[in-house]
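Work through the exercises below with the sequence and the model open. Try each task before reading its solution.

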Amino acid sequence: MIKLPAAWQLPQSMEDLVTHSLASGERKAVGIKQTLRALIQGRALQVYLAVDADALLVEDIAREAESRGVPIVRVLTMRELGRMCGIQVPAAAAALVRD
């Protein structure tokens, strides 16, 4: 199991909130391309990145989010992020988006 730095860990209640937000009917972008597109279009409110994702795949998303001031939440695994998004496959990145 990967041990996250304390600054990246979410309190249990926050994890529940994130899971509820991503799995609910709120608008979201799931996957590398959709998340990056939402950031570039200025629609991303918050970005979620899996810690175990290939750094080369998510570095553009992290850089774009930081440059735009969009908060980044680190999620332990791609499998967990996919589950949080309500899909059956792993996801490296996701974002809550505005309409």
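**Exercise 1. Classify Ile32 by exposure and list its contacts.**

Solution. Ile32 has a relative accessible area of 26%, so Ile32 is partly exposed. The classes are buried under 20% relative accessible area, exposed over 50% and partly exposed in between, with a 1.4 Å probe and protein chains only. Next, place the residue: Ile32 lies in helix H2. Helices (H or I, at least four residues) and strands (E, at least two) are DSSP runs, numbered from the N terminus. Now take the contacts, meaning heavy atoms within 4.5 Å. Not counting residues up to four places away in sequence, Ile32 touches Leu57, Val58, Ile61, Ala92 and Ala93. Last, check a distance: the C-alpha atoms of Ile32 and Asp60 are separated by 9.3 Å, and the two residues are 28 apart along the chain.

A note on the source. The model is predicted, local features need pLDDT of at least 70, side-chain atom pairs count only at pLDDT 80 or more, and totals for chains, interfaces and linings use all residues. Residues are numbered from 1 along each chain as its sequence is written, and side-chain values use heavy atoms, with hydrogens and water left out.

**Exercise 2. Describe how H2 and H3 pack.**

Solution. Start with the geometry. Helix H2 (residues 32–40) and helix H3 (residues 55–68) pack at an angle of about 20°, with their axes 10 Å apart. H2 is therefore roughly parallel to H3. Angles under 35 degrees count as roughly parallel. The axes are lines fitted to C-alpha atoms over the stretch in contact, and angles run from 0 to 180 degrees between N-to-C directions.

Then list the residues. H2 contributes Ile32, Thr35, Leu36, Leu39 and Ile40 to the contact. H3 contributes Leu57, Val58, Asp60, Ile61, Glu64, Ala65 and Arg68. Sort them by class: 8 are nonpolar, 1 is polar and 3 are charged. Here Ala, Val, Leu, Ile, Met, Phe, Trp, Tyr, Cys and Pro count as nonpolar, Asp, Glu, Lys and Arg as charged, and the others, Gly among them, as polar.

**Exercise 3. Are Val58 and Ala62 of H3 buried or exposed?**

Solution. Take Val58, in helix H3. Val58 has a relative accessible area of 8%, so Val58 is buried. Leaving aside neighbours within four places in sequence, Val58 is in contact with Ile32, Leu49, Ala53 and Ala92. Its C-alpha atom is 9.1 Å from that of Leu36, 22 residues apart along the chain.

Ala62 also has its place in helix H3. Ala62 is buried because its relative accessible area is 11%. Ala62 touches Leu49 and Ile72, not counting residues up to four places away in sequence.

**Exercise 4. Which residues does Ala95 contact?**

Solution. Locate the residue: Ala95 is found in strand S4 (residues 93–97). Its relative accessible area is 0%, so Ala95 is buried. Leaving aside neighbours within four places in sequence, Ala95 is in contact with Arg27, Lys28, Ala29, Thr35, Ala44, Gln46, Val47 and Tyr48. Ala95 and Arg27 are 68 residues apart in sequence and 8.6 Å apart in space, C-alpha to C-alpha.

**Exercise 5. Summarise the whole chain.**

Solution. Count the elements: the protein chain has 4 helices and 4 strands. Their order from the N terminus is α-β-α-β-α-β-α-β. Of the 99 residues, 36% are buried. Among contacts between residues at least 6 apart in sequence, 77% join residues at least 24 apart.

Terms used: Parallel < 35°, antiparallel > 145°, perpendicular 65-115°, else oblique.
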